[in-house]
Amino acid sequence: MRSFQGGVAVVTGAGSGIGRALAQELAARGSVVALADADEAGLMETAASLSSKQANATTHVVDVANEAAVKAFAEDVAARHGRVTLLINNAGVALLGTFEEISLEDFRWLMEINFWGAVYGVKYFLPILKQQPRAHIVNVSSIFGIVAPAGQSAYSASKFAVRGFTEALRHELEGTSVFVSCVHPGGIRTAIARRARMGANTPQGTQKDSIARFDRVATIPPEVAAERILVGVERREPRILIGADARKIDILQRLRPATYWKALSRRYNLDRE
């Protein structure tokens with residue numbers, strides 16, 4: 001609890017899911033929270049869920065794919081709060097369709113949010129974080145940043161990119177006041193599948209099937225994921241796996257790096273109909 005008391009935490013994608021749960025947990029632990037999301041309605045719902053007895057919160061409607069907007073966001077947070085001790089780049093989206101079904105525009109859209117959003121966040125908040133005697137960056141990747149299922153070419157590309165960026169950043173910042181963690185959630189019960197964008201040529205019915213598969217495997221409440229992330233921050237864990245499924249898949253990938261998909265597609269029925 002003392003790790004967050006009086007700190008200033010920035011959370012992107014705070015309008016729902018893990019981001020909302022993180023905002024609630026951080027506020028409950030006494031942290032000031034600067035919350036960002038492109039979904040203004042969801043963001044206001046998150047802010048309203050924080051009781052007046054909890055820490056101070058500011059809301060910022062930000063499209064993390066827009067570099068200028070993220071730069072202005074960082075400047076606004078610094079002006080209003082004076083400092084930042086924790087940055088959580090959590091904003092992310094999903095895209096339905098195989099590589100042949102999605103367009104390059106679809107691919108760019110996803111990469112700009114999932115990958116470039118994290119890069120912009122680090123670029124403009126890092127100088128503020130480095131002013132603190134102890135600060136932390138958390139970039140949320142995915143278990144699909146460790147394994148790459150069929151039908152997830154764009155999403156996995158973005159999450160593998162987040163993982164690589166985060167690991168290199170951690171090595172570069174070693175010895176500074178800023179620690180860096182990469183998060184790999186397994187099946188977290190959020191709305192990401194229901195909000196996923198359909199690829200330009202993705203067949204009708206794909207979304208319904210995708211939601212059904214997601215609901216079978218996404219059983220971990222966002223609140224559990226948020227708690228696990230903050231425990232990882234307290235322990236200064238470089239790599240935070242969330243859920244037994246994520247831990248098992250990670251082991252499988254290590255044991256069978258070239259053939260893990262055969263086992264996964266059978267176990268989780270992930271092959272497309």
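**Close-up 1. Lining of the largest cavity in the predicted model.** Helix 4 (104-114), helix 5 (116-129) and strand 6 (135-140) each contribute at least two residues to the lining of the largest cavity, which encloses about 60 Å³ of space. The residues around this cavity are Thr12, Val64, Asn89, Ala91, Ile113, Asn114, Gly117, Ala118, Asn139, Val140 and Val162, and by class they comprise 6 nonpolar, 5 polar and no charged residues.

**Close-up 2. Lining of the second largest cavity.** A search of the whole structure returns 2 cavities of 30 Å³ or more, and the second largest has a volume of about 40 Å³. Its lining consists of Thr12, Val62, Val64, Val70, Phe73, Asn89, Gly117, Gly121 and Phe125, of which 5 are nonpolar, 4 polar and none charged. Helix 3 (67-81) and helix 5 each supply at least two of these residues, with helix 5 giving the largest share, 3 residues.

**Close-up 3. Strand 1 and the directions of its side chains.** Strand 1 (residues 8-12) is mostly covered, with 5 of its 5 residues buried; Val8, Val10 and Thr12 point one way from the strand, whereas Ala9 and Val11 point the other way. Thr12, buried in this strand, belongs to the lining of the largest cavity and also to that of the second largest.

**Close-up 4. Strand neighbours of strand 1.** Strand 1 pairs in the parallel sense with strand 2 (residues 32-37) over 5 bridges, and Ala9 has Val33 as its bridge partner in strand 2. Between these two strands the chain passes through helix 1 (residues 17-28), forming a right-handed β-α-β crossover. Strand 1 also runs parallel to strand 4 (residues 86-89), to which 3 bridges join it, and here Val10 stands opposite Leu87.

Definitions and conventions: Residues numbered from 1 in each chain as written. Predicted model: local features only at pLDDT ≥ 70, side-chain atom pairs only at ≥ 80, totals over all residues. Heavy atoms only, no water. Buried < 20%, exposed > 50% of the residue type's maximum accessible area, 1.4 Å probe, protein only. Helix = DSSP H or I, 4+ residues; strand = E, 2+ residues; numbered from the N terminus. Pairing = 2+ DSSP bridges. Right-handed = clockwise from strand over helix to strand, strands pointing away. 1 Å grid on protein atoms, 1.4 Å probe; cavity = no way out; pocket = protein on both sides within 12 Å on 5 of 7 lines; lining within 4 Å. Points joined across faces, edges and corners; volume = space filled by probe spheres on them. Nonpolar A, V, L, I, M, F, W, Y, C, P; charged D, E, K, R; others polar.
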